[in-house]
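Reader: I have a new model on my screen and would like to learn how to read it feature by feature. Could you walk me through it?

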Amino acid sequence: MFPRDFAWGAATSAYQIEGGWQADGKGPSIWDTFVQQKGRVFEEQNGNVACNSYQLWEKDLECIQQLGLTHYRLSVSWARLLPDGTTQHVNQKGVAYYNKVINDLLACNVSPMVTLYHWDLPQALQDQGGWKSESIVSLFDSYAQFCFQTFGDRVKLWITINEPQVCAKCGYEDGIHAPGLKEPGTAAYLVGHNMLRAHAKAWHSYDSLYRAEQRGAVSLAINSDWFEPLRPGCNEDVAATERDLAFTLGWFAWPVFVTGDYPQIMRSAIDSQSQKLGYSGSSRLPSFSKDEPAPIFGTADFFALNYYTSRKVKAGEGCGQMLCLNSDRDAEEVLDPSWPICGVSWLAVVPHGLRKLLKYIKDTFNNPAVYITENGFSQVGPRQIDDVQRCEFYSDTIMEVGKAIEEDGVNVRGYFAWSLLDNFEWADGFSVRFGLFHVDFSDAKLSRTIYRSGLEYAKMIMKYKGRHDVK
């Protein structure tokens, strides 16, 4: 069912686990700034210490070994490596930390997948305009090249940017993530545009300067739910579902994998809404120029997918009377009452949605190699080490991935559970737990205890690794 070289992994990100927010010359990031603002995060919590992985890396490595992972996805902190965001000032202690992490993983036969940007922009760059500024494209490329040069002899799987859609919408439209801006209907599209251009420039740099020697692969992690029309026979619901997919998955996948430009359905919806509301400027969705210095199309060596849940979709209420991303999309998402909810209200458990999404990706994006770079099940309230529902979730989900490979012919190369550890879940702080290991945040030692789901995931890995069904 699973290929011999299938990647069995778990994922984390720097801000969510490392702590050490001011340690050893690290510069501040936009999340360091954001969490200091009152009312931004559940119970005013922050990632100043988090799981303290900056000091407790060996404990994390023990967890990785206990699970029997073949791969581990981590992110590097831009501000820990380059405190002001530029290569003019390199923090050698930050370099030493990530060198140790990478070398220790390889010594344990675990392959690192490294994310360059998991939402923690250096504050120094935010002060110059951040992702809204065109200068960020070359700044990101310099940072990416620094990482390729420093770590690329050992890292063979790279993610440039994690979930640009969430980053743009939550950080610049809704204002619920750092940097906390609310500029509806404009900033998210500009930020997404600059993220795509930054990703493409970094990919081209890798391709021309590092690939021949390092032989690695580079992509960006695109998040998407699976969407289905609430009433399959209703043309309006079908059209709304197509728009929802375009504004989520298509926004970033279409330019990279299909045309080098945004889905036409997305641009038409945005321009039509602008016209209706008398917006007279140029299109709110920027255009890529014909002589783009780093063309977007073809800048991914695999498809990296973050999937958590599914939605039924019905036509919106007629676009609303304000410029914003939701009214541009004009689609209303609803939960099927038969889907169980795990922890947070948005997270309906729909493992078969992942299989359908994988098939859609195969059919729409020319059958790419796919890594599922995040997928998980949350827990809230009192901790439950004996997390039976999460065990069932992983069992059901991995079965659906197996069917996607075996029956649908999807070229799935790996699966990364979110997350290795309970950690700082952004605006939810520590109130939401996704870990395969529980972290006791009330204990100064931040002790790690394996959940039953961690034990079950380890058994699944051993079972499927042992089978070696080579397609």
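**Reading the model**

Author: Gladly. Let us begin in a loop: Ser419 lies between strand S11 (412–418) and strand S12 (437–439). Please keep in mind that this is a predicted model.

Reader: Which kind of peptide bond joins Trp418 and Ser419?

Author: For a peptide bond, the angle to read is omega. Here omega is about 10 degrees, and the bond between Trp418 and Ser419 is cis. Another cis bond joins Ala178 and Pro179, with omega at about 5 degrees. Pro179 is also a loop residue, placed between helix H8 (164–173) and helix H9 (187–214).

Reader: Let me step back to the whole chain. How many helices and strands does the chain have?

Author: The chain has 15 helices and 13 strands. To judge how they pack, compare the radius of gyration with what the globule rule gives. The radius is 21 Å, close to the 23 Å from the rule for 471 residues, so the chain is as compact as a globular protein of that length. Along the principal axes, its C-alpha atoms fill a box of roughly 60 × 50 × 50 Å.

Reader: What share of the residues is buried?

Author: Burial is read from relative accessible area, with under 20% as the cut-off. Buried residues make up 62% of the 471 in this chain. Contacts add to the picture: of those with a separation of 6 or more, 76% are between residues 24 or more positions apart.

Reader: And what does the chain expose?

Author: About 17900 Å² is exposed, and carbon and sulfur atoms supply 50% of that area. As for charge, there are 45 positive and 56 negative side chains, and the centres of the two sets lie 3 Å apart.

Reader: Back to the backbone, please. Which residue other than glycine has a positive phi near 80 degrees?

Author: When reading phi, look at the sign and at the residue type together. Trp119 is the residue you ask about, with phi near 80 degrees. Trp119 sits in the loop between strand S3 (111–117) and helix H6 (123–126), and its relative accessible area of 6% makes it buried. Ala50, also not a glycine, has a positive phi of about 50 degrees. Its loop runs between helix H2 (30–34) and helix H3 (53–67), and Ala50 is buried too, at 4% relative accessible area.

Reader: How many aromatic pairs does a search of the whole structure find?

Author: The search finds 43. For each pair, read the distance between ring centres and the angle between the planes. Phe257 and Phe303 are 4.8 Å apart centre to centre with 25 degrees between the planes, and the pair is stacked. This pair links distant parts of the chain, since Phe257 belongs to helix H10 (residues 235–257) and Phe303 to strand S7 (residues 303–306), 46 residues apart. Both rings' residues, Phe257 and Phe303, are buried. Ring pairs can also join into a cluster: one links Tyr15, Trp31, Phe34, Trp119, Phe424, Trp426, Phe430 and Phe441.

Reader: One last residue: where does Asp440 lie?

Author: Asp440 is in the loop between S12 and strand S13 (448–450). At 23% relative accessibility, Asp440 counts as partly exposed. Leaving aside residues up to four places away in sequence, Asp440 touches Leu446 and Ser447. Asp440 and Tyr279 are 161 residues apart in sequence, and their C-alpha atoms are 51 Å apart in space.

How values were computed:
Residues are numbered from 1 along each chain as its sequence is written. This is a predicted model: local features need pLDDT of at least 70, side-chain atom pairs count only at pLDDT 80 or more; totals for chains, interfaces and linings use all residues. Side-chain values use heavy atoms; hydrogens and water are left out. Helices (H or I, at least four residues) and strands (E, at least two) are DSSP runs, numbered from the N terminus. The radius of gyration is taken over C-alpha atoms; the globule rule is 2.2 Å times the number of residues to the power 0.38. Buried means under 20% relative accessible area, exposed over 50%, partly exposed in between (1.4 Å probe, protein chains only). Contact means heavy atoms within 4.5 Å. Accessible areas come from the Shrake-Rupley method with a 1.4 Å probe; for residues, only the protein chains shown count as cover. Lys and Arg count as positive and Asp and Glu as negative; His and the chain ends are not counted. The place of a charge is taken as NZ of Lys, CZ of Arg, CG of Asp or CD of Glu. Rings of Phe, Tyr and Trp (its six-membered ring) pair if their centres lie within 6.5 Å; planes under 30 degrees apart count as stacked, over 60 as edge-to-face and the rest as tilted.
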